[in-house]
Amino acid sequence: MKKIYFFLFFIFISNSTLGQTFSGAIGPIADDGSTNDYNLSISGFQYANLNTSFGIQQVCLNITHTWDSDLNVFLVSPSGTMVNLFSGIGGDGDNFTNTCLNQSATVSINTGTAPFTGTFKPQETLGNFNNGQSGIGTWKLRIIDTYPFADTGSVLSWSITFGSNAPGPFVFTSSNLPIVVINTNGVAIQDEPSINATMGIIFNGEGNMNQVSDTPNNYNGNILIEYRGNYSQSLPQKPYKIETIDAANAELDVSLLGMPAEHDWVLIANYNDKVFMRNTLAYSLFTQMGHYAARHKFCEVILNGSYQGVYILMESLKRDNNRIDIARLNPDENSGIDLTGGYIIKNDYWNENDSWLSNFSPIDHPGLDIHLVYDYPKPEDISPQQKTYIQGFIDEFETALYSIDFDSPTTGFRNYIDTESFIDYFIINELSRNNDGFKKSSYFHKDKDKITGISKLKAGPVWDFDWAWKNINECYLTTVTDGSGWIHLINNCNPDSNSTGWYVRLLQDPTFQSELHCRWIELRSTILSETALNNYIDQTALYLQQAQDRHFQKWGNLGVNTGTPEIDPDPATFEGQILKFKSWITTRMAWLDANMPGDISNCALSVSENENHTLRLFPNPTHDYFYIESTTTPISTKAEIQISDVLGRTVHQTTIKSWNEPISILGYNSGTYLVKVFVDSKNFTTKLVIE
């Protein structure tokens with residue numbers, strides 16, 4: 001009898017502490033990447049509105065599943081609030097056994113190991129439910145197996161406990177970043193098709209704080225929104241594709257956060273990038289090299305009243321005068337010079353309706369199928385004649401590339417490609433060891449031919465770096481932490497999308513190798529110097545200092561490898577993430593310095609001056625024109641000016657009759673050039689940096 005009284009007393013004490021517990025439905029977890037919902041219906045309890053006086057306190061569950069890190073697990077309230085309990089944890093461990101998530105726990109589930117027995121702090125706060133919303137209705141335990149058709153499992157039991165002294169919600173009130181507020185009016189966002197929603201952007205100017213309570217002042221209108229991405233879509237923080245529209249659902253070109261007006265935009269999530277700048281650094285560098293890369297702005301996002309963390313609002317890649325600036329190609333332009341451009345193609349995931357099969361395999365992988373995807377015009381818009389033209393152009397290029405005389409300056413590959421863009425594309429993707437840059441998300445574009453000659457194929461823009469700038473557990477990189485390895489050899493790894501392998505052949509040309517190495521040396525002294533890169537990283541980290549704290553409160557994934565399978569420990573602080581990022585780049589650059597192919601003896605990098613005079617270029621760096629200043633050498637008749645690139649190739653010649661005459665360099669790519677001045681039997685050579 002005493003045992004019975006003691007047991008009842010124990011139940012009373014437990015319930016008075018934790019309140020009321022409700023159990024949900026169970027069942028198998030579908031191993032096909034779909035969403036699995038396990039319902040729990042509550043028809044009523046003492047306090048209908050959840051708050052800190054009486055709200056949700058704990059979620060407990062028992063799950064059998066092999067390879068725990070495949071699972072993303074959420075709790076969804078009757079009103080649609082969704083909290084990430086845990087995602088991508090446990091590696092190849094199995095099961096969650098008597099696992100409870102409680103905000104008062106001292107240990108985060110990120111630091112636990114399978115089968116995670118005990119009580120842990122969830123990745124996102126349970127307090128987000130305790131904001132006055134009703135607890136009555138259908139709750140859902142939502143589970144997504146992000147690696148389908150491999151591992152199986154079941155939900156054996158799960159429960160929610162409500163009680164007093166519950167945790168409070170995360171509160172977001174202001175930011176030094178722009179704030180993007182999206183409302184879908186209760187409609188769920190999906191992969192396709194897009195749904196109607198509204199979007200407001202609050203931005204009071206750089207250096208000013210933006211309040212959530214402010215009226216949107218940068219944009220306040222209608223949008224279409226859907227999920228975007230492949231792997232990234234499986235992560236808790238979702239990426240989005242956005243189209244700005246008018247009241248009649250027609251495309252509406254608008255300028256967002258100072259970027260040129262357009263209607264297609266993307267919101268890039270940062271769950272997989274804990275320094276927030278793997279993409280932005282690559283885009284910034286490619287732009288400084290003289291090429292187009294997507295413009296971008298950091299922001300913080302609120303979706304349907306729920307804070308979503310730090311995002312990058314970015315231009316999508318498309319043909320546009322302010323984006324990939326090539327000629328518009330209409331469906332009826334099917335002959336003559338009009339047929340020659342512009343085109344955008346990519347090496348990416350493909351299907352039979354959006355791509356074509358190349359007539360060539362990579363030189364080091366005979367028999368490997370290579371497909372190229374039509375990106376502009378879109379597969380549904382491109383005409384048969386246009387398909388035939390671009391396929392034929394690529395076939396002519398590959399025929400020259402794989403011929404015996406492939407390196408001939410008159411009949412070889414140089415007749416078809418812009419080697420400068422191919423070199424810079426290679427450098428950015430190899431510097432960041434971005435395997436996606438050579439097997440997918442790999443863009444190329446061709447403009448319309450000119451009367452004076454063909455428009456060559458250009459590499460880029462660069463895209464998709466969330467798996468870059470880090471040591472990942474993939475292919476031969478499973479133990480590589482010394483910065484080594486050529487990632488353009490990705491076909492050695494049986495990738496899910498085969499690489500064209502063009503660079504394997506290009507690097508068999510000694511001249512291409514030397515051009516590559518000379519360009520590398522030039523960039524290492526300017527935008528790729530350790531000082532320049534660290535300045536960018538430090539300034540960006542400082543700009544994000546306040547927002548990163550909120551972001552990691554939301555997602556709780558610091559200190560655990562989530563997203564990309566990294567092979568080294570994950571720092572538990574933002575400062576640690578930044579130090580790791582810098583260290584990785586330094587190590588990688590040292591390896592490239594020592595292993596970049598090519599003979600640099602012909603690089604035109606030396607500077608000489610005549611001792612009898614002094615000349616100076618200003619402004620330097622510049623972007624449109626410069627002057628020459630001399631304090632000792634007058635011009636009696638004229639001075640000859642010769643501008644050369646780092647390989648010594650003359651790109652511009654002119655004469656001036658006075659040091660006061662400006663010398664235009666509009667239209668030249670960014671980089672370092674050599675300016676030679678010949679005046680009155682004297683000569684002078686110095687460097688000019690074009691930004």
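When I say helix or strand today, I mean a DSSP run: H or I over at least four residues for helices, E over at least two for strands, numbered from the N terminus. With that in place, P565 sits in the loop between α9 (545-555) and α10 (574-595).

Quick housekeeping. This is a predicted model, where local features need pLDDT of at least 70, side-chain atom pairs count only at pLDDT 80 or more, and totals for chains, interfaces and linings use all residues. Residues are numbered from 1 along each chain as its sequence is written, and side-chain values use heavy atoms, with hydrogens and water left out.

Back to P565. Is it buried or exposed? Neither, really: P565 counts as partly exposed because its relative accessible area is 32%, and the cut-offs are under 20% for buried, over 50% for exposed and partly exposed in between, using a 1.4 Å probe and protein chains only. Leaving out neighbours within four places in sequence, P565 is in contact (heavy atoms within 4.5 Å) with W467, N471, I472 and N473. P565 is also 7.8 Å from E474, C-alpha to C-alpha, though the two are 91 residues apart in sequence.

Now the barrel. Seven strands close up in the order β12-β13-β15-β16-β17-β19-β18, with mixed pairing; two strands pair if DSSP finds at least two bridges between them. Neighbouring strands in this sheet are turned by 40° against each other on average, ignoring direction. Take β13 (195-202) and β15 (219-227): they run antiparallel, joined by seven bridges, and M199 has G221 in β15 as its bridge partner. Helix α2 (278-288) lies across β17 (264-269), β18 (296-303) and β19 (306-315), at about 155° to β18. For those angles, axes are lines fitted to C-alpha atoms, for helices over the stretch in contact, and values run from 0 to 180 degrees between N-to-C directions.

Next, what about F276, in the loop between β17 and α2? F276 has a positive phi of about 70° although it isn't a glycine, and it counts as buried because its relative accessibility is 0%. N494 has a positive phi too, near 50°, but N494 is exposed, with a relative accessible area of 72%. There are cis peptide bonds as well: A114 to P115, omega about 10°, and G341 to G342, omega about 0°.

Last topic, empty space. We work on a 1 Å grid over the protein atoms alone: a cavity is a set of points where a 1.4 Å probe fits but can't get out, a pocket is an open set with protein on both sides within 12 Å along at least five of seven lines, and lining residues have an atom within 4 Å of a point. Points are joined across faces, edges and corners, and volume is the space filled by probe spheres set on them.

How many cavities of 30 Å³ or more are there? Three. The largest holds about 90 Å³ and is lined by 13 residues, with F438, S499, T500, G501 and Y503 nearest its centre. The second largest cavity, about 50 Å³, has a lining that includes Y271, R278 and E566. That lining splits into one nonpolar, three polar and six charged residues; Ala, Val, Leu, Ile, Met, Phe, Trp, Tyr, Cys and Pro count as nonpolar, Asp, Glu, Lys and Arg as charged, and the others, Gly among them, as polar.

Finally, the second largest pocket has about 1,300 Å³ of space, and β9 (137-145) gives the most to its lining, with five residues.
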